[in-house]
Amino acid sequence: GKLGRPVPVLTARFVQLAHAQGLAVHAWTINSTAEAERLLDLGVDGIITDEPSTMRSYFDRSQYSVRI
């Protein structure tokens, strides 16, 4: 059957609430640079990817300050 619409989990509010509780937020299996940017803009603390070379190359040329 149909699963319906996706339910957003990693939202700005989620990140804010987690950080207010002293929790770090890490996103797993992010392989799109656009999605990585969106999550960094939300304030996530870490991104796990299957494409580390692609991410490193992209973020080395971007305005984002990330530690890889």
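**Entry 1: a pair inside H2**

I started with Glu35 and Arg38, which both sit in helix H2, three residues apart, about one turn of the helix. This is a predicted model, so I read each distance here as a property of the prediction. The two side chains meet in a salt bridge, with N to O at 2.9 Å. Side chains of opposite charge can pair when their charged atoms come close. I then looked up how many salt bridges there are in total, and the count comes to one.

Is Glu35 buried or exposed? Neither, it turns out: Glu35 has 28% relative accessibility and counts as partly exposed. For Arg38 I noted a relative accessible area of 38%, so Arg38 goes down as partly exposed too.

**Entry 2: the whole chain**

Next I stepped back to the overall layout. I count three helices and two strands in the chain. Going along the sequence, I read the pattern as α-β-α-β-α. The C-alpha trace spans about 40 × 35 × 15 Å along its principal axes.

I also looked up burial for the chain, which has 68 residues, and buried ones make up 21% of them. For contacts with a sequence separation of 6 or more, I found that 30% come from residues 24 or more positions apart.

**Entry 3: H2 against H3**

How do H2 and H3 pack? Helix H2 covers residues 33-42, and I get an angle of about 60 degrees between H2 and H3, with the axes 11 Å apart. The crossing is right-handed. On the H2 side I wrote down Thr33, Ala36, Glu37 and Leu40 as the residues making the contact, and on the H3 side Met55, Tyr58 and Phe59. Sorted by class, that contact has five nonpolar residues, one polar and one charged.

**Entry 4: Glu37**

Glu37 is in helix H2, and I wanted its surroundings. Leaving out residues up to four places away in sequence, Glu37 touches Tyr58, Phe59 and Tyr64. Buried or exposed? I have Glu37 at a relative accessible area of 19%, so with the buried cut-off at under 20% it counts as buried.

I also checked Glu37 against Ser57. They are 20 residues apart along the chain, and their C-alpha atoms are separated by 14 Å.

**Entry 5: Ser62, after H3**

I moved on to Ser62, found in the segment after helix H3, which runs over 52-60. What does its side chain reach? A polar atom of the Ser62 side chain lies 3.1 Å from the backbone oxygen of Phe59. Phe59 had already come up in my list for the contact between H2 and H3. Ser62 has a relative accessible area of 19%, and I therefore logged it as buried.

**Entry 6: Thr11, before H1**

At the other helix I looked at Thr11, which is in the segment before helix H1 (12-20). A polar atom of the Thr11 side chain lies 3.1 Å from the backbone nitrogen of Phe14. With a relative accessible area of 28%, Thr11 is partly exposed.

How far is Thr11 from Ser57? I get 26 Å from C-alpha to C-alpha, and 46 residues in sequence.

**Entry 7: Phe14**

Since Phe14 had turned up as the partner of Thr11, I followed it further. Its place is in helix H1. Which residues does Phe14 touch, not counting those up to four places away in sequence? My list has Val9 and Val25. Phe14 comes out at 39% relative accessibility, so I put it down as partly exposed.

I also looked up Phe14 and Leu42. These two are 28 residues apart along the chain, and their C-alpha atoms are separated by 9.3 Å.

**Entry 8: the backbone at Thr29**

Last, I looked at backbone angles. Most residues other than glycine have a negative phi. Thr29 is not a glycine, yet I find a positive phi of about 60 degrees there. Where does Thr29 sit? It lies in the loop between strand S1, residues 26-27, and H2. I have Thr29 at 47% relative accessibility, and it counts as partly exposed because the exposed class takes values over 50%.

Terms used
Residues numbered from 1 in each chain as written. Predicted model: local features only at pLDDT ≥ 70, side-chain atom pairs only at ≥ 80, totals over all residues. Heavy atoms only, no water. Helix = DSSP H or I, 4+ residues; strand = E, 2+ residues; numbered from the N terminus. Buried < 20%, exposed > 50% of the residue type's maximum accessible area, 1.4 Å probe, protein only. Polar contact = N/O pair within 3.5 Å; in protein donor to acceptor, adjacent residues only side chain to side chain. Axes fitted to C-alpha atoms, helices over the stretch in contact; angles between N-to-C directions. Left-handed = near helix turned anticlockwise from the far one by under 90°. Contact = heavy atoms within 4.5 Å. Nonpolar A, V, L, I, M, F, W, Y, C, P; charged D, E, K, R; others polar. Salt bridge = Lys/Arg side-chain N within 4 Å of Asp/Glu carboxyl O.
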